[in-house]
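The following dialogue is a lesson in reading a protein model. Please look at the sequence and the structure before the first turn.

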Amino acid sequence: MNFEKLMCSIFGKKRYELLKFLCENADENGFIMIKISEIQNKLDLSKPTIIATFKFLEEKKLFRRLKNGLYQIYIKEEI
């Protein structure tokens with residue numbers, strides 16, 4: 001089984017797509033400048049799905065909202 005299929009099984013396809021998008025679009029410091037409406041359009045996700053995923057990441061201390069449209073994801077090099 002490949003990694004992507006495994007992650008989709010764990011998180012669900014939509015949540016996985018959002019996590020992948022955030023990781024791919026974060027700068028070297030983990031900052032992402034994008035509005036929720038832009039994410040909705042790019043990934044065809046609902047606002048509740050996006051917000052629930054953000055809250056999930058915040059609970060895990062992996063993500064924070066700095067202000068509307070500016071977020072930071074914490075991607076550690078080590079596991």
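The turns below go from confidence to the sheet, the helices and the core.

Q: How is the confidence of this model to be read, and which element has the lowest mean pLDDT?

A: This is a predicted model, in which local features need pLDDT of at least 70, side-chain atom pairs count only at pLDDT 80 or more, and totals for chains, interfaces and linings use all residues. Residues are numbered from 1 along each chain as its sequence is written, and side-chain values use heavy atoms, without hydrogens and water. The term pLDDT is the predictor's confidence in each residue, from 0 to 100. Where pLDDT is low, the predicted coordinates should not be read in detail. Here the protein chain averages 90, and 95% of the residues score at least 70. Among its elements, helix 1 (residues 3-11) has the lowest mean pLDDT, 88, and helix 3 the highest, 96. Helices (H or I, at least four residues) and strands (E, at least two) are DSSP runs, numbered from the N terminus.

Q: How is a sheet described, and what is the order of the strands?

A: Strands of a sheet pair through backbone hydrogen bonds, either parallel or antiparallel. Two strands count as paired if DSSP finds at least two bridges between them. In this model, three strands form an open sheet with the order 1-3-2 and antiparallel pairing. Strand 1 (31-33) and strand 2 (63-67) are the edge strands, each pairing on one side only.

Q: Which residues stand opposite each other where strand 2 and strand 3 pair?

A: These two strands pair in the antiparallel sense over four bridges. Lys 67 stands opposite Leu 70 in strand 3, and Arg 65 has Tyr 71 of strand 3 as its bridge partner. The hairpin of strand 2 and strand 3 has two residues between the strands, and Gly 69 takes a positive phi near 85° there.

Q: How is the packing of two helices read, and at what angle do helix 2 and helix 3 pack?

A: Two packed helices are described by the angle between their axes and the distance between the axes. Axes are lines fitted to C-alpha atoms, for helices over the stretch in contact, and angles run from 0 to 180 degrees between N-to-C directions. Helix 2 and helix 3 pack at about 115°, with their axes 11 Å apart. Glu 17, Leu 18 and Phe 21 of helix 2 meet Ile 39, Lys 42 and Leu 43 of helix 3, where contact means heavy atoms within 4.5 Å.

Q: What is a nonpolar core, and which of its residues touch the most other members?

A: A nonpolar core is a set of buried Ala, Val, Leu, Ile, Met, Phe, Trp, Tyr and Cys residues joined through side-chain atoms within 4.5 Å. The largest one here has 16 residues, of which Leu 18, Leu 22, Ile 39, Ile 50, Phe 54 and Phe 63 touch the most other members. Two or more residues come from each of helix 2 (13-25), helix 3 (36-43), helix 4 and strand 3 (70-73). Helix 2 gives the most, with four residues.

Q: Is Phe 54 buried or exposed?

A: Buried means under 20% relative accessible area, exposed over 50%, and partly exposed in between (1.4 Å probe, protein chains only). Phe 54 lies in helix 4 and is buried, because its relative accessible area is 6%. Beyond four places in sequence, Phe 54 touches Leu 18, Leu 22, Ile 36, Ile 39, Phe 63 and Tyr 71.

Q: What does Thr 53 touch?

A: Thr 53 is also found in helix 4 (residues 47-59). This residue counts as buried because its relative accessibility is 1%. Apart from residues up to four places away in sequence, Thr 53 touches Arg 15, Leu 18 and Leu 19.
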